[in-house]
Amino acid sequence: MRKLQHLLPRFLLALVCVPLLSLAQAAQDSAFKTALTNMQQTPVQYVTVGDIKVAYKTFGQGQPLFAITGNGDTMDLWSPLFIEGLAKQHKVYIFDNRGAGLTSSGTKPFTIEQFADDTAGFMAQMGYKHAKVLGFSMGSRIALQLTIDKPDMVEKVVLYGCAPGGKQEVKRTAAVQKIFADTSGTAAQQKERMFSVLIPKPWRESHPDPSTYFPPTTETITPEVRAKQNKAVASWPGVYDELSGINTPTMIMAGTADEVVPPANALTLVESIPASWLVRLSGGGHGMMYQFPNQMTDIVNTFLLTAN
């Protein structure tokens, strides 16, 4: 009888907690669907930047924030909840890199340096002499290169899933690299392969329905462009020797379970960039904006609004 008395409070607590967890998950699912619909229904705009026509969308009002996508990504792959959260404090610009999605390829070479120049040209075409910049994956390398090449244009910079490049970069494993280099199969097959390294397996197993947190692709990127992007990342000499000269307020974000860009790279960056911030999310993969969109929004907005 005493044993039953001890178990009864735990049983009652479980009866209360399970419905509450279900309600919280339902609210999160509903918020994701609303944010996704808004992102998809926002019209695409175009502007000529040098030799390319850049496709972009804008969200929110306030100071400008330019978000640069990663290798193999198009602007529709940003986490809708992450973009929605950033847009509560900023006017957020998302856009397709050279040759990706709805942006034309142009005639200039595909290099990190050229992508940085494209971004600077896009910012100028939007009417800004300087703005805040956030880069994800390859986009973080572009943001880093832009910060070094044109420091007056970058007010503050967030480097999410970044590495310094060159000999100082801690490389991903051969198995993960094989997945990144593989452009075979249908778009759905490519997405499935990439998804397997973006989100850590334990998190995927506890969140078995990707449609509740991962946006469906509406744009495409050709195998030829993907190969050019891979080459651009691989041939980038890196900027390690220039990191100590960065005066721009900088935040580095890394997931502790990132297989694509090993989190040791974040330590290299924060140790080299003066007065930089470092945020590591426990259990976060390279795609941690899909895992923890609200936490990432709070962290990024805090940095962008308070760092000096």
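Q: Which residues line the second largest cavity?
A: This is a predicted model, to start with. In it, the second largest cavity is lined by G161, C162, I252, M253, A254, D258, V261, P262, P263, N265 and A266.

Q: What volume does that second largest cavity have?
A: About 40 Å³.

Q: Which elements supply at least two residues of its lining? I mean the second largest cavity.
A: Two elements do: strand β7 (250–255) and helix α9 (264–272). β7 gives the largest share, with three residues.

Q: And by class, what is in the lining of the second largest cavity?
A: Eight nonpolar residues, two polar ones and one charged one.

Q: Let's pick a lining residue. Where is C162 found?
A: C162 sits in the loop between β6 (154–160) and α5.

Q: Is C162 buried or exposed?
A: Buried. Its relative accessible area is 4%, and the cut-off for buried is under 20%.

Q: What does C162 touch, leaving out residues up to four places away in sequence?
A: S140, R141, L144, V261, N265 and L269. Two of those names, V261 and N265, also appear in the lining of the second largest cavity.

Q: P263 is in that lining too. How many residues apart are C162 and P263 along the chain?
A: They are 101 residues apart along the chain, and their C-alpha atoms are separated by 8.6 Å.

Q: Now N265. Where is it found?
A: N265 is in helix α9.

Q: Why does N265 count as buried?
A: Because its relative accessibility is 0%, and anything under 20% counts as buried.

Q: Which residues does N265 touch, again leaving out those up to four places away?
A: C162, A163, P164, Q168, E169 and V170. So C162 and N265 turn up in each other's contacts, and they both line the second largest cavity.

Q: Back to cavities. How many of 30 Å³ or more are there in the whole structure?
A: A search finds three. The largest has a volume of about 60 Å³.

Q: Which residues line the largest cavity?
A: I52, V54, F95, D96, N97, R98, F115, D118, T119 and F122. β2 (52–59) and α3 (112–125) are the elements that give two or more residues to this lining.

Q: Which element has the largest share of the largest cavity's lining?
A: Helix α3, with four residues.

Q: How do the residues of that lining divide by class? I still mean the largest cavity.
A: Five are nonpolar, two are polar and three are charged.

Q: What about pockets? What is the volume of the largest pocket?
A: About 490 Å³. It is lined by 25 residues, and the closest to its centre are G72, L77, K191, T217 and I221.

Q: Which elements give two or more residues to the lining of the largest pocket?
A: α6 (187–198) and α8 (223–235). α6 gives the most, with six residues.

Q: And the class split for the largest pocket? What is it?
A: Eleven nonpolar, ten polar and four charged.

Q: How are two packed helices described?
A: By the angle between their axes and the distance between the axes.

Q: At roughly what angle do α5 and α6 cross?
A: Roughly 145°. The axes of α5 (residues 174–181) and α6 come within 9 Å. The crossing is left-handed.

Q: Which residues meet where α5 contacts α6?
A: From α5, V176, I179 and F180. From α6, they meet R193, M194, S196 and V197. This contact divides into five nonpolar residues, one polar and one charged.

Q: New topic: backbone angles. What sign of phi do most residues other than glycine have?
A: Negative.

Q: What is phi of S137 near?
A: It is near 60°, a positive value in a residue other than glycine. S137 is in the loop between β5 (131–136) and α4 (138–149).

Q: Is S137 buried or exposed?
A: Buried, at 8% relative accessibility.

Q: And A275? What is its phi?
A: About 55°, which is positive although A275 is not a glycine. A275 lies in the loop between α9 and β8 (277–281).

Q: Is A275 buried or exposed?
A: Exposed. Its relative accessible area is 75%, and the cut-off for exposed is over 50%.

Key: Residues numbered from 1 in each chain as written. Predicted model: local features only at pLDDT ≥ 70, side-chain atom pairs only at ≥ 80, totals over all residues. Heavy atoms only, no water. 1 Å grid on protein atoms, 1.4 Å probe; cavity = no way out; pocket = protein on both sides within 12 Å on 5 of 7 lines; lining within 4 Å. Points joined across faces, edges and corners; volume = space filled by probe spheres on them. Nonpolar A, V, L, I, M, F, W, Y, C, P; charged D, E, K, R; others polar. Buried < 20%, exposed > 50% of the residue type's maximum accessible area, 1.4 Å probe, protein only. Contact = heavy atoms within 4.5 Å. Axes fitted to C-alpha atoms, helices over the stretch in contact; angles between N-to-C directions. Left-handed = near helix turned anticlockwise from the far one by under 90°.
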